Amino acid sequence: MTSENADYSQNIANYGAAAVKKYRDISGIRNDNEIPEIFLGGQIAIGLHEEFRLQCHVERPYLTILKELGGRIDDEVISSMGSLRSDVALYREGRPFALVELKICDERDARGGKVLADLEKMRRLSVRTQIDTYLGILLTDISRKECADRRMIIEETLGANFSNHSSLEPAGYGADWKWQFLAGRFR
């Protein structure tokens with residue numbers, strides 16, 4: 001899959017799910033949703049690099065990406081994007097072509113508001129550059145709502161659907177809830 005139009009959603013979902021399990025193992029966390037987003041980003045970057053030989057940056061500033069794509073940096077751009085970073089930025093031949101934003105959707109983000117905020121953040125850069133945008137989320141069961149129900153609610157909030165996902169996984173250490181990693185390319 002080396003095409004310019006390749007969709008890396010399933011790969012992001014797979015590497016995200018593997019990262020959650022790996023972090024549980026190396027850290028001993030009791031709840032899988034305690035994984036730091038930066039660890040997810042690092043593991044997804046490593047996986048995409050190893051599988052596709054893509055160059056990947058973790059926590060890449062939007063202003064750097066805009067400059068690399070030939071965009072103009074002015075006061076308005078600094079004001080609207082100056083503090084923004086992509087969880088993972090994907091590069092081909094030294095040029096950025098995609099952003100990946102990651103979120104942990106547990107009780108703290110029951111309806112996906114933080115995911116929507118990340119999508120809107122990416123769209124600010126995408127409108128200026130036509131860069132591809134991906135969302136990856138660790139979706140957990142929450143009180144009286146399972147992953148499948150939550151996915152529908154979050155997709156309704158986003159106004160679009162996730163295209164790929166990992167299998168449904170039991171939470172670590174015998175917890176009575178499940179999680180799944182979702183990913184999709186959003187425009």
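How many residues lie between β2 and β3 in their hairpin, and which residue in the turn has a positive phi? There are 2 residues between the strands, and Glu93 in the turn has a phi of about 55°. The model is predicted, with local features needing pLDDT of at least 70 and side-chain atom pairs pLDDT 80 or more, while totals for chains, interfaces and linings use all residues. Residues are numbered from 1 along each chain as its sequence is written, and side-chain values use heavy atoms, without hydrogens and water.

Strand β2 covers residues 85-92 (strands are DSSP runs of E, at least two residues; helices are runs of H or I, at least four; both are numbered from the N terminus). Of its 8 residues, 7 are buried (under 20% relative accessible area with a 1.4 Å probe, protein chains only). On one side β2 runs antiparallel to β1 (residues 55-61), joined by 6 bridges; pairing requires at least two DSSP bridges. Here Gln55 stands opposite Tyr91. Strand β3 (residues 95-105) is also antiparallel to β2, through 5 bridges, and Val88 faces Val100 across this pairing.

The aromatic pairs number 5, counting Phe, Tyr and Trp (six-membered ring) rings with centres within 6.5 Å; planes under 30 degrees apart are stacked, over 60 edge-to-face, the rest tilted. Tyr8 and Phe52 are edge-to-face because their ring centres are 5.0 Å apart and their planes at 75°. Tyr8 precedes α1 (9-27) and Phe52 belongs to helix α2 (residues 37-52), so the pair ties together parts 44 residues apart in sequence. Both residues are buried. Ring pairs link them with Phe97 and Tyr134 into a cluster.

Methods:
Buried means under 20% relative accessible area, exposed over 50%, partly exposed in between (1.4 Å probe, protein chains only).
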